[in-house]
Every structure is written in structure tokens, then in C-alpha cells.
Number of protein chains: 2
Amino acid sequence: MTTTTARRPDVLTRADGSPIRALVVDDEPNLAELLATALRYEGWQVEHALTGHAAIRRAKELDPDVVVLDVMLPDLTGLEVLGRMRATHPNVPVLFLTAKDAVEDRIAGLTAGGDDYVTKPFSLEEVVARLRALLRRTGATTGHQEAQLVVGDLRMDEDSHEVWRGTDDIHLTATEFELLRYFMRNPRRVLSKAQILDRVWQYDFGGQANIVELYVSYLRRKIDKGRTPMLHTLRGVGYVLRPA
Amino acid sequence: MTTTTARRPDVLTRADGSPIRALVVDDEPNLAELLATALRYEGWQVEHALTGHAAIRRAKELDPDVVVLDVMLPDLTGLEVLGRMRATHPNVPVLFLTAKDAVEDRIAGLTAGGDDYVTKPFSLEEVVARLRALLRRTGATTGHQEAQLVVGDLRMDEDSHEVWRGTDDIHLTATEFELLRYFMRNPRRVLSKAQILDRVWQYDFGGQANIVELYVSYLRRKIDKGRTPMLHTLRGVGYVLRPA
DNA sequence: AGCGATCCTGTGAACTTGCTGAGGCGAGGC
DNA sequence: GCCTCGCCTCAGCAAGTTCACAGGATCGCT
């Protein structure tokens, strides 16, 4: 329970093999904690800051590989923080968090430098996926594979959102895609419905738990139908994706 | 972890392969930051100066390959800066930024030497495209291709603004052209509506977000109608241009 | 076998997202 | 000054997606 590395086949690291350093900037402690936990679980080293000024200061000390930045901070706007941070770290990629309905929450320029953003409420899988995409682009290294996830004859390209089983390509909706990505990032590992709900659905989802069963059912129809099944149910425990 | 190169197939570099050096001169910090971010994303090394005097000084030290110069600076006029800069760097190409309603004869004088200008508010794609055009003329090199972009049987000549699909030539309006250029510079890559809006529309565009859908619809009518579609929608994610 | 718990999936409603026709507005050409 | 063209808004429709619900199937246990 001490080591936090090599839990998964696809841990990203810095070029020298040391852990990715992430800086989370959000003034909402619960949300920041949620994010920090998820990122630590990726094997990354996480710091967090509550204000724009604190963020700029921490960035100087930490020299982070990636920054998660709420655009609505008590003291500075996202663009201001970005500008000041870019003065010392011109290339660090930033993932912005914005409210969905912040009416004309001017996002202008936020993605101009290849940065990205997600709207609240988000799912952790999505945040992690986008951070990984940003890191891949700026040269963090993974043991072996690149933007493709492969389990058995199942293949997923995270960048283009394409999925194949063998030679057939498979069209998935956004939610189905995220669910499958979660499975593919955790092959041969049993995932409970609660875990799935926490990772794949938005953090404020308040619906029925059987939504997971429903989507597993959709997925099976698309990836297992007429083939050797890869998605298995462990009654009372959860689901597992196993190579055929 | 600091490398910003080789993200795209068409990165411009200096003759010896080192990154392009750009100097951005504008007294408006947000705008300068926006430009710097976009140019860094092109893989260039960017410095910026807030005043004419600072610009002249930085130019001497930096020996830039290209300069982006606001004609309205607090201390000197564009012409003055240009003159002094040309004393030390007679050939460096300059892209001027001017207000829409600037006096035209002034600009005529400024661009006489093969330089170029764009009016504010501009779109990042336009600025980048013009800078690339200036650099091409002064001998910066790109890996392989020249002023032509090719994706599948789609072909675009950036200099002449001509576009062909197969043997048919296609007439596009200015906005359609920029949108397609953005797609063609990022083939097989999913582009979100936000990214597109950020890059292709003017930075102060405050209108309806569905303008992107509208123009994608126009583009499809012109390049995909009656053919194998190349422009695909990924619901909830964005659009992607894929060779047929 | 029988029983409860668990899981699967068809149905349909609500909602979201994307597409496109109609039309207003302004700039530029004639 | 009129006409054309390009840019854009708006609104309605179409299609795709998400989700609740509930009845039926399956499983594990006794």
C-alpha cells in the first residue's frame, strides 16, 4: 500500500521515469480533493492551490508537467493565471474547468495553444483522459503503447475516438465510449458498479444505479454480439473485461 | 518534457532545423499572450515586447525570423519601429496589426516591402497562415510540402486560395476557406467546436456557437455533396476530416 | 426444486445535439 | 442607389442519446 507506481500497464511518467507532477487549481475543496485523489491514483504527484496567486507561486516551485485550472477563481480569471504562468512555464499544458452554463463564459483563447477544457460537472475518466492526451502531446512517456488501447482483439484510438473489434469498426456513443475506455484501461480487473458509476458518470449523477447494467448491456451488444464474449459479469461483485 | 516539436507534419523551421524565432510587439497583454500562445503551439520560439523601444532592443538581441507588430504603440508609430528595425535587420518580414478603420495609405507604405498586415480583430488561423506565408517567401523550410495542403483527394493552395476535390475546383468564401484550412492542417484529428471557434473566428466573436455547425454544413455542401464524405461529425465531441 | 437476489433488456419518454432553410444586415461593386 | 454576396441569427425539425421503469431471465443458495 506504499508504492503507487506500476499499478497499470500504461502509467505515464516524465522522460526520466519520475512521476508526473500535476497542479490542481480550484477554490472548491471537495472538488479539488476529488480530482487530486483521481490523479494520485494515476501515479502522479499532485499539489493544489485555492487561488490564482497561490497557483502562480506553487507553479514556480513545483515546475508542474500539467495544470488543471478552474476558470472561475476568487482572485484572478483563468486567462490571467494562464498568462502569468506562461511567463515562467511557456509550454506547460493546461486543462481548464468551466461551468457549463456560465453564459458566454468567454472561452476565447483558452484552447488556442493546444490546451483543452472540460465543463462541470465532469466525469473523472474524462478529465484523466484529457490530461493524458495533453501530456502525450508534450512528450511524457509511457512504457510502451501510444494513443491506442489494446485488449485482446479490441482496439481503441483515444484521439480519433475510433474503436475496432478485430477488423470491424464499432460505433459507440459518448457514454459507451467512456465506459469501454475505463474497462480497457483496467483489463482483467473486476470493476464494481459503484466504481464505474464514480469514474464514468458525472460526479453529480443522481440516477439509478442500474444505469451501469444498461450500458454494459449496450456495450455487449456492440462488441460481444456474435463473438467470444470479453465482458463478463461477476455476480454480486462487478464486471470484468478479459481478452478473448 | 519540454519539446514542442513534431506535433504536426508541417512545422516550419529555420534552414538549420532550429525553431523559428518570432517577436510579438503589442501593448495589450492579453492579445500578446494570445498570439504568443498560438505561435508557440506552432513550435516557434516567441518573445514579446510591449513598446516600440523595447521591440527594437529585443530585435537586436533575438535576431528574429519574423515580427508581429501592432502599428499603434504607446511610444512610436509602426513606421518608426519598422525603420529602426530595418537598420539592423533589413530583411526580416513583418506582419502588422492594425485597427479596422486605420488610414489606408499608411498601411500601403508599411507593406510596400513585401510585408503583410491583418486588421483587428483577427482570427488566429489567419495570423498564423500569413506568418507562414511570409516565412515561406524568406526561405524557412518545412519537412516536405510547400504551399499545398493535401488530404485524400482534397487539395488546397494556400497562396492562391484555390481548392480542388479530385479534378473539380471548388469556390469557397473567406470563412469557409479558413475553416477548411484548419481541418486540412489537422487531418484525422478530432476538433471540438470550441477549438474551431477559438482558431478560426475572430478572437472577440461573441455570437452563437452554432456558427460552426452552420459553416461545417456549408463546407459539406461544397466538398462532400455527392461524394464519399470526408467531414464527419462525432456527436458530443467534434468534427474530423478524414481522407475518403 | 424452490426462492430471493441479482442482472438483463425492451419500451418509450425526455432531453440533447446537430442540421439547415429563411431571412436580416452590411459592405462593396456597378 | 440598387443588387449581389457573404456573414450571421434564429427557429424548427430530425436524429441521436440518455435514462427510468418493469417484466422476465438467470444465478446461487438452501
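Which atom of DNA strand C is 3.5 Å from an N or O atom in the side chain of A:Ser217? Let me start with that one, everybody. It is a phosphate oxygen of strand C. Please keep in mind throughout that this is a predicted model.

Let's stay with DNA strand C for a moment. There are 23 residues around this strand, and the ones that come nearest are A:Arg220, A:Tyr239, B:Lys193, B:Arg220 and B:Arg235. If you look at the strand's own atoms within 4 Å of the protein, sugar and phosphate account for 64% of them.

Besides A:Ser217, I'd like to show you two more contacts here. At A:Gly236 the backbone does the work: one of its N or O atoms lies 2.8 Å from a phosphate oxygen of strand C. B:Arg235 reaches a base instead, with a polar side-chain atom 2.5 Å from a base oxygen of DNA strand C.

As for where this surface comes from, α7 of chain A and α8 of chain B each supply at least two residues. By class, the surface near strand C has 11 charged, 8 polar and 4 nonpolar residues.

Now over to DNA strand D. Here 27 residues surround the strand, and the closest are A:Thr173, A:Thr175, A:Tyr218, B:Thr173 and B:Thr175. Of the strand D atoms within 4 Å of the protein, 71% belong to sugar or phosphate, and the rest belong to bases.

Two of those threonines are worth zooming in on. A:Thr173 places a polar side-chain atom 2.7 Å from a phosphate oxygen of strand D, and for B:Thr175 the corresponding distance, again from a polar side-chain atom to a phosphate oxygen, is 2.8 Å. Then there is B:Gln208, where a polar backbone atom is 3.3 Å from a phosphate oxygen of the strand. The elements giving two or more residues to this surface are α7 (211–223) of chain A, with α6 (174–185) and α8 (211–223) of chain B.

And what is the residue make-up of the surface near DNA strand D? It divides into 13 nonpolar, 12 polar and 2 charged residues.

Next, the two protein chains. On the chain B side, 26 residues are in contact with 23 residues of chain A. Together the chains bury about 2200 Å², with 55% of that on carbon and sulfur atoms.

How many salt bridges are there between chain B and chain A? The count is 1, and the partners are A:Glu162 and B:Arg242, whose side chains meet at 3.3 Å, N to O. There are also 4 residue pairs in polar contact across this interface. The elements of chain B that give two or more residues to the side touching chain A are α1 and α7. Of these, α1(B) provides the largest share, 6 residues. That side of chain B has 11 nonpolar, 7 polar and 8 charged residues.

Let me finish with helix α7 of chain B, residues 193–200. This helix is mostly covered, as 7 of its 8 residues are buried. The buried ones are B:Ala194, B:Gln195, B:Ile196, B:Leu197, B:Asp198, B:Arg199 and B:Val200. What do they pack against? Within chain B, the partners are α1 (29–41), α5 (124–137), α6, α8 and β13 (238–241), and from chain A there is β6 (116–120).

That's my tour, thanks for listening!

Conventions:
Residues numbered from 1 in each chain as written. Chains lettered and ligands numbered in written order. Predicted model: local features only at pLDDT ≥ 70, side-chain atom pairs only at ≥ 80, totals over all residues. Heavy atoms only, no water. Near = heavy atom within 4 Å. Polar contact = N/O pair within 3.5 Å; in protein donor to acceptor, adjacent residues only side chain to side chain. Helix = DSSP H or I, 4+ residues; strand = E, 2+ residues; numbered from the N terminus. Nonpolar A, V, L, I, M, F, W, Y, C, P; charged D, E, K, R; others polar. Buried < 20%, exposed > 50% of the residue type's maximum accessible area, 1.4 Å probe, protein only. Contact = heavy atoms within 4.5 Å. Buried area = accessible area lost by both parts, 1.4 Å probe. Salt bridge = Lys/Arg side-chain N within 4 Å of Asp/Glu carboxyl O.
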